[in-house]
Amino acid sequence: MPIPNFYFQTLIFLLTSGSALTGAMPPQNPVQCTQTGCTLSNSYGVWGDRHPCHVTTAVYPTTESELLSAVADASRRKLKVKSVSKFSHTIPKLACGGTILISTERYNSSIAVDSANSAVTADAGAGLRAVIDRAAEAGLSLAAAPYWEGVSVGGAVSTGAHGSSWRGRGGALHDHVVGIRMVVAAGEAEGFARVVDLREGDALFSAAKVSLGLLGVISKVTFSLEPAFKRSITFNFTSDDGIEDEFMDHANKYEFGDIQWYPSRHKAVYRYDDRVPMSTPGDGVNDFIGFQSNFALIAKTVRASEKAAEKAKDTNAKCILASSFVAYKKLTANGLKNNNLLFTSYPVVGHQRRMQTSGSCLYSPESDKTTSCAWDPRIKALSFFESTAIFPAAQFASFVRDVKKLRDLAGPASFCGADIYNGFLLRFVKKSDAYLGQPEDSVVVDFNYYRADEAWMPRLHGDVWEEVEQMAFFKYLARPHWGKNRKVGFVRVGRKYPNFGRFLEARKGLDPLGIFSSEWSDEILFGREGERGDGCALEGLCVCSEDRHCSPRDGYFCQRGLVYKEARVCRYSNTSTS
């Protein structure tokens, strides 16, 4: 039964009335300990396999000396050790599998700016926002940052977090790193642990820049800075005609440009984003809508609307939501504000520190229980998959053409599920010398889509997203973002990095006993497929080859892709054709 339109009118009213909130209940601590041990979760409250991540104990160093002692203790006893920040935004289980968990939550007090050398050195647990603000106080800017500021510098660097740029050092945060201090395991003669101090040009530096926590525990990170500057941003909401021919020119023309593509709406939003002189008038701020505070009731209402549409198989309901959200983003400039309060006109000009990243839902006293980030697991609101594929720039146009063909065959409405979120977000990352960084100028594509409350629940039009996912990673050999993605995105990932072998050599040299590795991190690093159980394809734990990998009892069978015929997807059908 279709969901009535007044339901969505009420929902949009709630969304617009809640947009002025400035604070929210801060995210919960990802490490929870009792007398019997500790449990680690990510910021979404659920791992890809939905299994909890248990560790025996957690330690909280506050200095490099204490960090050295913690690693030495684990090394001496030959115990597995993993590290995590207070944010824990990594989706794969890279931090799972340790006996000892080292949290950098309290190792965040030192942020030292070296104005003479245009650099800043921060403790690994320091938050990105604190580093950006400290640099700004000295009249300097960090040129790159991920769009979400709720990350530690150690975590962001080690998983390849990025913004968008092909200019200068590029859009990846790790390519603005000029120094890393890391605590690694050692033999008895060196006290079972030692500090390696790596700089640009050192033999191990390219391995350490994106290390996934597999070489040791990052202690301090030094970033290259630039003289402070402002940015001018305009969003152009237009047709998606020719997007496959225009993305390259757009990336080259605008230093920080990106594109949001909403396939179901046949719309593209081009971000015209360049640096401008400090004398340019404007004190704008980027307060991205998706990262603003939400009343818990609003977030729950959005989730309820998605669940109702899924249960009723009501594609139109999802498309009403998608159309309304895209219109609201246009009305509010996606969260840009000319004067820190509201959007009045383009362009929005502001200081780099206020425009490069956002996350206002992070900040509020613990006593505030009424608002939060929309995905906070404590309020049981939004739950979604987050797939991120990184394409060689030369391959990307063909991928877009294939997606458009899929849209034509499956119907534009089948893409509404992603357009409720951000559609396809296209960003640009420059060639990197990091062994696990991008080996060529690349286009990064993010798309989020509904995740059911239970692993066995199929998704409306889930076959479309499975085909897009397989098309990206298998046909076009896109590389996965190390901190995102479902398990299938990492299949045979090592073959996609020319310097993968050199990274493994560095890992063997720095951690010969493998105390920083685990079966879960090895599954990601080596792209190993897990058990192919009933329903495994619904959660991206496998690619289906039998109907039981889908949900035949609910009418979802394993079938071929519509455009990419080698794809195997779980499609709703009256009969099995596998």
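**A walk through a predicted model**

Hi everyone, let's start with a sheet. It is an open one of three strands in the order β4-β6-β5, and the pairing is parallel. Helices and strands here are DSSP runs, numbered from the N terminus, with at least four residues (H or I) for a helix and at least two (E) for a strand. Two strands count as paired if DSSP finds at least two bridges between them.

Before we go on, a word on the source. This is a predicted model, where local features need pLDDT of at least 70 and side-chain atom pairs count only at pLDDT 80 or more, while totals for chains, interfaces and linings use all residues. Residues are numbered from 1 along each chain as its sequence is written, and side-chain values use heavy atoms, leaving out hydrogens and water.

Back to our sheet. Which strands are at the edges? They are β4 and β5, each of which pairs on one side only. From one strand to the next, the twist averages 25°. Angles run from 0 to 180 degrees between N-to-C directions, and axes are lines fitted to C-alpha atoms, for helices over the stretch in contact. Helix α2 (residues 64-76) packs on the sheet and touches β4, β5 and β6; contact means heavy atoms within 4.5 Å. The direction of α2 makes about 170° with that of β6.

Now look at β6 itself, residues 100-103. Strand β4 (residues 57-59) pairs with β6 over three bridges in the parallel sense, and strand β5 (residues 81-84) does so over four bridges, again parallel. Find Leu 101 in β6: Ala 58 stands opposite Leu 101, and so does Lys 82.

Where do the side chains of β6 point? Ile 100 and Ile 102 go one way, Leu 101 and Ser 103 the other way, and all are buried. In a regular strand the side chains alternate between the two faces of the sheet. Buried means under 20% relative accessible area, exposed means over 50%, and partly exposed is in between (1.4 Å probe, protein chains only).

Next, a pair of helices. Helix α7 (residues 296-312) and helix α8 (residues 315-331) pack at an angle of about 150°, with axes 8 Å apart. That angle makes α7 roughly antiparallel to α8. For the cut-offs, under 35 degrees is roughly parallel, over 145 roughly antiparallel, 65 to 115 roughly perpendicular, and the rest oblique. On the α7 side, the contact is made by Ser 305, Glu 306, Ala 309 and Glu 310, and on the α8 side by Ala 317, Lys 318 and Leu 321.

On to the interior. A nonpolar core is a set of buried Ala, Val, Leu, Ile, Met, Phe, Trp, Tyr and Cys residues joined through side-chain atoms within 4.5 Å. The largest one has 74 residues, and those with the most contacts inside it include Trp 148, Met 182 and Phe 503. A second, separate core has 39 residues, among them Phe 385 and Leu 406.

Last, some backbone details. Tyr 346 and Pro 347 are joined by a cis peptide bond, with omega about -10°, and Pro 347 sits in the loop between β19 (336-337) and β20 (348-351). Phe 192 is not a glycine, yet its phi is positive, near 70°. Is Phe 192 buried or partly exposed? It is partly exposed, with a relative accessible area of 22%. Arg 492 also has a positive phi, about 55°, although it is not a glycine.

Thanks for listening!
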